[in-house]
Amino acid sequence: MTTVNPWLALPEGRPDPVLTRRLRAAHEHFVTCGVPSDRPDVRSVVWDSWRRSLGSGVDPDGVAPPVELLDGDLLAYREAHPLAPVMPVIRRLLVEDAEADRMIVAVTDAAGRMLWVEGDSRLRSRAAGMNFVEGSRWAEDVAGTNAPGTALALDHAVQIYGSEHYRRTVQPWSCSAAPVHDPVSGVLLGAIDITGGDHVAAPHVLTLVRTAVAAVESELLLQRREQSSRAGGHRPPPPVLRTVPRLEVLGRERARLSLPTGTLDLSLRHSELLLLLAEAAVAGEGRTAEQLAAEAHPGGTAAVTVRAELSRLRRLVGTELVGSRPYRLLGPLDTDLDRVRRAIGRGAVGAALEGYTGAVLPSSRAPGVAAARARLVAQLRHAVLRSRRPELLVRYSALPEARDDVAVWQACLELLPPSSPRRAEAAATLLRLRRGPRPR
């Protein structure tokens, strides 16, 4: 039996008018009713992306994705981006033939912002009508299902064909994209995308993109080694430099920061500030002292107080990790919070539950931390309920967050087999919740 690759849009390499009609009908049913139809023609990776798009509030007929970087800001940002030094490789492998092949080649950052959009000039002119331009943000939670945004969300190479796109204005296009990682740390740097007509959804185009990604990551590693050799007399860099700082905030009253030089248990205020900067970095942003004051202090506080706290934090963790003007992370910082989100994004709900060791800084009253805490719980809950898997529901129901969650216990009652001892517990819990608190 032949196994169908779920990441390929057109395994046979040719568009099928019947498939196109069925995809359009399935899309129409989903955006109208909010639930999948019974059509088997839609790949599971597309169904899941449509659900995420709907859950993020993406309007299938809404405005084009926003342009977040313009002019000098765009030039400065992409000049400093880690993929800038390997653009010659991308141009040689993909862009040089893009005009003849009727393709657009786009390179994004990890937040889905288009840093370079090159290739067929006529196609780029057409694509500009939907804001597929340099500086625009095509993350899935903003632009809906699309190859670069979905590749970043799932951290996996993927193709999106025509009506598989969530937004209708994008459905005349097809695209193939793959994520790019730092070859040493494994940190997600961005994505490489090819966009064009139906021919871009053929399997060999995804192979082409993945080959380009492999070449780019090899070139990044080579450049890193050359830099290390020049700096250290041809000596290999010590392993400590390859360690990405790690921040642990789940289930901890205070964050633990693991640096190449050792481990620090941060104060609650420093825990909150570093987490807020890490959350801002996910979107490729920094924060002013005024913004951090609002996010870190209930009721607000003077910006000068936050500046003093950040000054102490920078002395503690190193100015190479936290920058100023605006306050921001200067390099990758891996958080256990973000690892859980990545697992949810790629559909690994079991791994997400395994990684969720407790609420985000549970004793913190900082508004920004409370918002991150609530978002993560909501994402995990949604993923567990959507999975319809009894074993995951049982594990989630054991968390404090699920103690009084009627929907979770109802799903347990519906999906657990009659022989399961947990089914009786689910029934009793539902009865308690529906009766309400006992009068005193």
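Here are some informal notes on this predicted model, from the overall chain down to a few local spots.

1. **Ground rules.** Since this is a predicted model, local features need pLDDT of at least 70 and side-chain atom pairs count only at pLDDT 80 or more, while totals for chains, interfaces and linings use all residues. Residues are numbered from 1 along each chain as its sequence is written, and side-chain values use heavy atoms, with hydrogens and water left out.

2. **Overall build.** The protein chain has 17 helices and 11 strands; these are DSSP runs numbered from the N terminus, with helices (H or I) of at least four residues and strands (E) of at least two. Its C-alpha trace spans about 80 × 60 × 40 Å along the principal axes. The radius of gyration is 24 Å, which agrees with the value near 22 Å for a compact globule of 440 residues. That radius is taken over C-alpha atoms, and the globule rule is 2.2 Å times the number of residues to the power 0.38.

3. **Inside and contacts.** Of the 440 residues, 47% count as buried, meaning under 20% relative accessible area (exposed is over 50%, partly exposed in between; 1.4 Å probe, protein chains only). As for contacts (heavy atoms within 4.5 Å), take those between residues at least 6 apart in sequence: 61% join residues at least 24 apart.

4. **The small sheet.** An open sheet of 4 strands runs in the order E8-E7-E6-E11, with mixed pairing. Its edge strands are E8 and E11 (334–335), each pairing on one side only. Two strands pair here if DSSP finds at least two bridges between them.

5. **The E7–E8 hairpin.** E7 (residues 256–259) and E8 (residues 262–265) pair in the antiparallel sense over 4 bridges, and a hairpin of 2 residues joins them. If you want to look at individual pairs, Ser 258 stands opposite Thr 263, and Leu 259 has Gly 262 as its bridge partner.

6. **Thr 288.** This residue sits in the loop between helix H9 (268–282) and helix H10 (289–296). Thr 288 counts as partly exposed because its relative accessibility is 33%. Its C-alpha atom is 7.2 Å from that of Arg 325, although the two residues are 37 apart along the chain.

7. **Helix H15.** What covers the buried part of H15? The cover includes helix H13 (349–355), helix H14 (367–387), helix H16 (406–415) and helix H17 (421–435). The buried residues of H15 (residues 390–397) are Leu 392, Leu 393, Val 394, Tyr 396 and Ser 397.
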